[in-house]
Amino acid sequence: MTPQQIALVQESFETLGASGTDVAAAFYQRLFELAPELRLMFTGDMGEQGGKLMATLAVAVHGLSNIESVIPIAQALGQRHSQYGVLYSHYSVVGAALLWALKKHLGEAFTPEVEEAWMVVYLVLAGAMSEAAETATESNALANPPFAS
């Protein structure tokens, strides 16, 4: 992640402003179009879930200048998501849905440079999340062997 990419992500996120609710709704709509089976993971109020998504994105985006502070948050999130049944393969679908929602709401401001910056940021954060989820799953398997007597 370059300083320019960080700035592009932060500026474009700020541009979304009050449309965060709409961005979250578009994200989940697209996510469930791409992977309908993921809908079963969400049993609560989707408006509330969208608020959580945007709040999490805000923390991540605002912390990009100090990425070392954001990685542990992403790792904890990845560990929690593994408990909900999120698989490694889901990360690419989530990334595609996120980029789609951002493009839809940023319009012409979603330039190729902005898109690339968001992809880089997403790959860094999703990488931290998925690695932590994998580690948590492996640790849990070792602590609870299936054939223990």
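How do the residues lining the second largest pocket divide into nonpolar, polar and charged? In this predicted model, that lining has 9 nonpolar residues, 5 polar residues and no charged ones. The largest pocket holds about 1,000 Å³ of space, and the second largest holds about 220 Å³.

**Largest pocket**
- The space of about 1,000 Å³ is lined by 37 residues, and those closest to the pocket centre are Tyr28, Leu53, Leu77, His81 and Met129.
- Two or more lining residues come from each of helix H2 (20-34), helix H3 (46-62), helix H4 (67-83), helix H5 (90-106) and helix H6 (112-143).
- H3 contributes the most to this lining, at 10 residues.
- By class, the lining consists of 27 nonpolar, 6 polar and 4 charged residues.

**Second largest pocket**
- The space here is about 220 Å³, with 14 lining residues, of which Tyr91, Ser92, Tyr122, Leu123 and Ala126 are the closest to the centre.
- H5 and H6 are each the source of at least two lining residues.

**Confidence**
- The protein chain has a mean pLDDT of 88, with 91% of its residues at 70 or more.
- Helix H1 (residues 3-16) has the highest confidence in the chain, at a mean of 96, while H6 has the lowest, at 81.
- H6 also supplies residues to the lining of the largest pocket and to that of the second largest pocket.
- Over residues 140-145 the pLDDT stays under 50, and the model has 0 contacts for them beyond four places in sequence.
- Predicted coordinates should not be read in detail where pLDDT is low.

Technical notes
Residues numbered from 1 in each chain as written. Predicted model: local features only at pLDDT ≥ 70, side-chain atom pairs only at ≥ 80, totals over all residues. Heavy atoms only, no water. 1 Å grid on protein atoms, 1.4 Å probe; cavity = no way out; pocket = protein on both sides within 12 Å on 5 of 7 lines; lining within 4 Å. Points joined across faces, edges and corners; volume = space filled by probe spheres on them. Helix = DSSP H or I, 4+ residues; strand = E, 2+ residues; numbered from the N terminus. Nonpolar A, V, L, I, M, F, W, Y, C, P; charged D, E, K, R; others polar. pLDDT = per-residue confidence, 0-100. Contact = heavy atoms within 4.5 Å.
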